[in-house]
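Hi,

Here is the structure I promised to send over. Have a look at it first, and then read on for what turned up.

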Amino acid sequence: MSTQLLQLAWRNLWRNPRRTFITMAAIALGYAMLMFVACLMAGLRWQMIENGTRLVLSQIQVHAPGYYPNRSIQKTIGGQKGTDVGALLTAIGADSRVYASAPRVYGYGLVNSGHRSAGVELLGVVPHQEPKVTVLNTQIVKGNYLSDRVPMGVVVGDKLASTIGVQLGSQIVLLTQAADGSMGNDLYSIVGVFHTGLDALDRSVVLMSLSSLQKLLNLAPGRIHEVGIRLDQIADASAEAAALQARLAKTPPVQVMDWEELVPELSDYVQFNRSITFVLFFIFFLLAVIGIMNTMLMAVFERTRELGMLMALGMRPFQVIGLILAEAAALAGASLVLGAAIGAPLLWYLQVHGLDLGGATGEVVSLAGVVVGHLWYGRQDFPAYYEAAAGLAVTALVSAFYPAWRAAHFRPTEAIRKV
Amino acid sequence: MDDPRAQEIVGQAARLFSSNSSIATVKMQVSNEDGQRNLTMKIWSLGEKVLVRIDGPQDQAGTAILKVGRDIWYYLPKTRRTVKLPTSMTMTPWMGSAFTIDDLVKESFLTRDYSIATSFEGKRRGVAVYEYTLTPKPEAVVVWGKIVLQIRQVNQMPAWQGYYDEDGKLVRELTFADYKKMGARLIPTHLVMRVADKPGEQTTVVYEDISFDVPIGAETFSLPNLTQ
């Protein structure tokens with residue numbers, strides 16, 4: 001396609017500015033809308049991954065082989081084999097991609113408030129280390145997070161607290177089957193209440209200090225069930241998990257898993273979310289085809305006489321096709337630039353201020369099982385923006401092809417007589 | 001196809017530990033992959049009610065378990081609290097052992113719930129036994145797919161009992177030994193329970209003393225008494 005042809009095409013576009021503008025506006029707004037949707041969907045995906053990994057799970061977990069998924073409390077890292085958990089933590093922390101790591105102990109048991117009981121998951125963490133890996137400490141609605149100075153203090157979810165009828169400062173009994181089979185039991189006091197909006201956590205988790213839970217479960221201080229790891233970039237999770245697996249596999253033997261392995265339903269959801277975005281794109285492209293084809297058909301039929309003249313003067317049919325396609329390409333290009341200009345501030349707004357869903361109520365809102373808070377923040381998804389742009393450009397060319405083909409088949413002798 | 005003799009022998013074995021009331025002193029050794037623990041305890045039973053009080057080791061002493069019908073309470077001396085187990089947790093293994101409380105005291109309904117067939121007569125592990133295979137009667141509500149019971153020919157005492165699931169897979173096995181006269185009855189005083197899919201785990205129960213049909217006041221099985 002020569003520059004001359006492009007020049008001609010560009011000039012042609014502006015011979016009827018109103019028509020061109022309307023079409024450009026349609027495509028540009030469509031492009032802005034696609035970016036808007038992609039940005040929100042990426043925000044939802046990000047929020048889902050954040051919720052799934054940052055509250056308690058973490059991005060990568062290290063276990064003793066065979067611990068996952070049955071979580072038998074005897075299958076600890078360290079302990080009998082005299083392995084050094086401190087050295088393991090140091091080795092993990094030495095990796096440049098690791099932001100922070102923290103040891104954890106898990107148990108199952110019964111919480112009793114004196115008159116009511118509930119089965120719970122016991123989660124033991126190091127109060128000053130865990131907040132670097134997960135953010136449950138930011139979800140405290142009453143009281144405080146755990147502290148190294150209050151070893152018998154525990155933090156519970158708000159729904160659990162109301163189920164068993166306890167408040168801040170209440171004493172509770174935890175009863176569990178310890179690692180040696182004995183009945184571990186002790187008295188604790190509630191120092192904090194958290195609310196995440198996720199039922200599974202709010203209803204059935206008791207958070208306590210690692211050393212207290214080790215004592216309750218009759219586990220020696222060196223024995224832990226898990227190391228949770230947070231990376232600088234979550235996108236590195238699977239690569240880093242593989243690297244750690246290779247590097248740490250020797251002593252003690254460990255199993256390293258990233259969040260996609262730990263919660264396959266989460267990565268399924270991410271896939272599902274991408275598919276939905278793709279379907280939305282596809283529907284929009286179909287609409288765009290109709291719009292552009294209409295414009296180009298009108299543009300061709302209106303100019304039958306002119307095109308007939310050009311052909312009479314010696315323009316070949318393929319050159320006519322080239323001209324019309326060039327017009328479509330120019331139209332699409334200009335529209336995308338305009339669309340990007342309209343979209344950019346919207347995308348910036350979504351990322352910085354978020355979409356207000358709950359209004360002034362400040363209620364926690366969840367979408368498709370994802371707690372998004374009352375503000376739904378977007379995330380920039382540049383690959384999707386490029387795909388949308390490329391898709392729209394291809395759509396414009398494809399939909400211009402029929403009008404172009406029609407124009408190429410004009411008979412010059414008839415065409416020049418049309419008014 | 002029940003033959004009366006098999007009925008009688010199995011019935012006798014099943015009723016060995018059952019009575020209106022009993023008081024027993026028991027040593028229990030629980031082994032799992034983490035090591036082993038020795039517990040001593042006293043068990044009172046009266047009809048549907050059972051009270052277990054742990055006497056040792058020191059850190060567990062005073063722990064008491066009261067079972068009345070389907071309800072179970074734990075008294076925890078460390079916290080001085082009585083905790084009622086939610087019904088969903090009453091079937092969990094007891095004190096980390098392979099036994100349930102029912103295994104130690106409850107009258108067994110082997111003859112009521114199962115059809116009994118003699119499946120073998122001869123030597124098993126060097127001991128002459130009668131072997132009976134018990135399959136649940138259609139109307140019986142039971143957890144096992146079948147139970148195999150071996151009775152020593154010499155004194156008609158149980159020697160081995162295997163519990164199988166619906167697929168005919170061995171789930172747990174109970175081995176009996178040390179037959180002694182205790183509480184005016186001849187009983188096996190040494191019982192070992194093994195769980196098939198957990199090779200490192202086994203629980204041994206040794207009866208040090210047991211008396212049957214002794215008078216026990218109903219107040220023994222009350223919550224206030226639990227904390228004594």
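Let's start with the overall size of chain B, keeping in mind that this is a predicted model. Chain B has 228 residues, and a compact globule of that length would have a radius of gyration near 17 Å; the value for chain B is 18 Å, so the two agree. Its C-alpha trace spans about 55 × 40 × 35 Å along the principal axes. You'll find four helices and 13 strands in chain B, and 33% of its residues count as buried. If you take the contacts in chain B between residues at least 6 apart in sequence, 45% of them join residues at least 24 apart.

One residue to click on in chain B is Ile23(B), which sits in strand 1 (residues 21–32). It has 18 C-beta neighbours inside 10 Å; being buried takes 20 or more, so Ile23(B) counts as partly exposed. Setting aside neighbours within four places in sequence, Ile23(B) is in contact with Trp44(B), Ser211(B), Val214(B) and Ile216(B). Leu51(B) is 28 residues away from Ile23(B) in sequence, and their C-alpha atoms are 9.6 Å apart.

Now for chain A. The domain assignment splits it into domain 1 (3–52 + 267–415) and domain 2 (58–262), and the centres of these two domains of chain A, taken over C-alpha atoms, are 49 Å apart.

Strand 1 of chain A (residues 60–63) is worth a look. Ile60(A) and Val62(A) point one way, Gln61(A) and His63(A) point the other way, and all are buried. That fits the usual pattern, because side chains in a regular strand alternate between the two faces of the sheet. Strand 1 of chain A runs antiparallel to strand 9 (residues 226–231), with three bridges between them, and Ile60(A) stands opposite Ile229(A) there. Strand 1 of chain A is also antiparallel to strand 10 (residues 255–258), this time with four bridges, and Gln61(A) faces Met257(A) in that pairing.

How do the chains meet? In the contact between them, 16 residues of chain A touch 22 residues of chain B. On the chain A side, strand 2 (98–112), strand 3 (117–125), strand 6 (171–177) and strand 7 (183–194) each supply at least two residues. Strand 7 of chain A gives the largest share, four residues. By class, this side of chain A has six nonpolar, eight polar and two charged residues.

As for the nonpolar cores, the largest has 112 residues, and those with the most contacts inside it include Val155(A), Leu174(A) and Val10(B). A separate core has 48 residues, among them Met35(A), Met48(A), Leu336(A) and Tyr385(A).

Finally, some backbone details to check on screen:

- The peptide bond joining Tyr68(A) and Pro69(A) is cis, with omega about 5°; Pro69(A) lies in the loop between strand 1 and helix 3 (85–93) of chain A.
- Gly56(B) to Pro57(B) is also a cis peptide bond, omega near 5°, and Pro57(B) is in the loop between strand 3 (49–56) and strand 4 (64–68) of chain B.
- Asn218(A) is not a glycine but has a positive phi of about 60°; with 19 C-beta neighbours inside 10 Å, Asn218(A) counts as partly exposed.
- Ala184(B) has a positive phi too, near 65°, and counts as exposed because there are just 9 C-beta neighbours inside 10 Å.

Cheers

Notes: Residues numbered from 1 in each chain as written. Chains lettered and ligands numbered in written order. Predicted model: local features only at pLDDT ≥ 70, side-chain atom pairs only at ≥ 80, totals over all residues. Rg over C-alpha atoms; globule rule 2.2 N^0.38 Å. Buried ≥ 20, exposed ≤ 12 C-beta atoms within 10 Å, placed from the backbone. Contact = placed C-beta atoms within 7 Å. Nonpolar A, V, L, I, M, F, W, Y, C, P; charged D, E, K, R; others polar. Pairing = 2+ DSSP bridges. Core = buried A, V, L, I, M, F, W, Y, C linked by C-beta atoms within 7 Å. Domains from an automatic or database assignment.
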